[in-house]
Amino acid sequence: MLKVGVLVSGGGTNLQAILDNIESGYINNAKIVTVISSNPEAYALKRAEKYGINAVCIKKKDFSDEESFLNAMEKHLDSFGVELIVLAGFMTVLGKSFTEKYKNKIINIHPALIPSFCGDGFYGLKVHEEALKKGVKVTGATVHFVNEETDGGPIILQKAVEVQDDDTPEILQKRVMEQAEWKIFPEAVKLISEGKIVVEGNKVRRLL
Ligand code: GRF
């Protein structure tokens, strides 16, 4: 069983999608052992508690410097034996020492087709606002490994979603979640837990 730690900051619908897919048996070789939130009010923490999963808040602001924050994160994750770190709407940037320590062991979901609408400043509704401003006809979501570059690590899965003429950022965000994020994030966890993902440089190969 792959031990998974999920890092969140908000509503936690992506966390829920993973929980649902564990419950249904679609993911059968992974379990969530801890959920860490950067925000004490995050509804994601409540979702974790409902499943009896360890749920804590560790926020950067409570530490004197980045190093002690990252040490606390590492200590917590290691104490639960976490083997895969899932960033499910986690709004705190994790430093290079962290991404290097857990190289190819951290995955993130981004609500666009990387390399479009990604990088510093592209988070939340902003991503969808920019996609609509540009007038793209197709957007989507990307699951990727996390390295020191924002949204820059090897791409694991992507799924396209059509943009409709009268979309607002909110409507588009919802469609991208429903049609792409909640599908490919659990799928990536499943594939990794089954050892079906191999990273070769900046490319991911999927074993059959
Ligand atoms: C999602 O749109 C995800 O793509 C982005 O942050 C949002 C998190 O939503 N990284 P939720 O907390 O999983 O509902």
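**Two domains, a hairpin and a loop**

Me: How much area do domain 1 and domain 2 bury between them?
Reply: The domain bounds, 1-102 for domain 1 and 108-208 for domain 2, come from an automatic or database domain assignment. Buried area is the accessible area (1.4 Å probe) that two parts lose on being put together, summed over both. Carbon and sulfur atoms carry 69% of the area here, and the total is about 1600 Å².

Me: Which three residues supply 31% of the area that domain 1 buries against domain 2?
Reply: A word on the ground rules: this is a predicted model, where local features need pLDDT of at least 70 and side-chain atom pairs count only at pLDDT 80 or more, while totals for chains, interfaces and linings use all residues. Residues are numbered from 1 along each chain as its sequence is written, and side-chain values use heavy atoms, with hydrogens and water left out. More than any other three residues, the suppliers of that 31% are Asn14, Tyr26 and Leu87.

Me: How many residue pairs are in polar contact across the interface of domain 1 and domain 2?
Reply: Salt bridges (a side-chain nitrogen of Lys or Arg within 4 Å of a carboxyl oxygen of Asp or Glu) number zero across this interface. A polar contact is a pair of N or O atoms within 3.5 Å; within protein, one must be able to donate a hydrogen and the other to accept it, and residues adjacent in sequence count only if both atoms are side-chain atoms. With both residues at pLDDT 80 or more, the number of pairs is four.

Me: Which element gives the largest share of the side of domain 1 that touches domain 2?
Reply: Helices (H or I, at least four residues) and strands (E, at least two) are DSSP runs, numbered from the N terminus. Two or more residues each come from helix H1 (13-23), strand S4 (84-87) and helix H4 (96-101). The largest share, five residues, comes from H1.

Me: Which residue forms a salt bridge with Lys101?
Reply: Over the whole structure, the search finds 13 salt bridges. In the one made by Lys101, the closest N and O atoms are 3.5 Å apart, and its partner is Glu74.

Me: How many residues apart in sequence are the parts that Lys101 and Glu74 tie together?
Reply: Lys101 lies in helix H4, whereas Glu74 lies in helix H3 (residues 66-79). The pair therefore ties together parts whose separation in sequence is 27 residues.

Me: Which residue in the turn between S8 and S9 has a positive phi?
Reply: Strands S8 (residues 197-200) and S9 (residues 203-206) run antiparallel and are joined by four bridges; two strands pair if DSSP finds at least two bridges between them. Glu200 has Lys203 of S9 as its bridge partner. Two residues lie between the strands of this hairpin, and the one with a phi of about 65° is Gly201.

Me: Which residues does Cys118 touch, not counting those up to four places away in sequence?
Reply: Cys118 sits in the loop between strand S5 (106-110) and helix H5 (125-134). Pro115, also found in the loop between S5 and H5, follows a cis peptide bond from Ile114, with omega near 15°. Taking contact as heavy atoms within 4.5 Å, the residues that Cys118 touches are His110 and Asp151.
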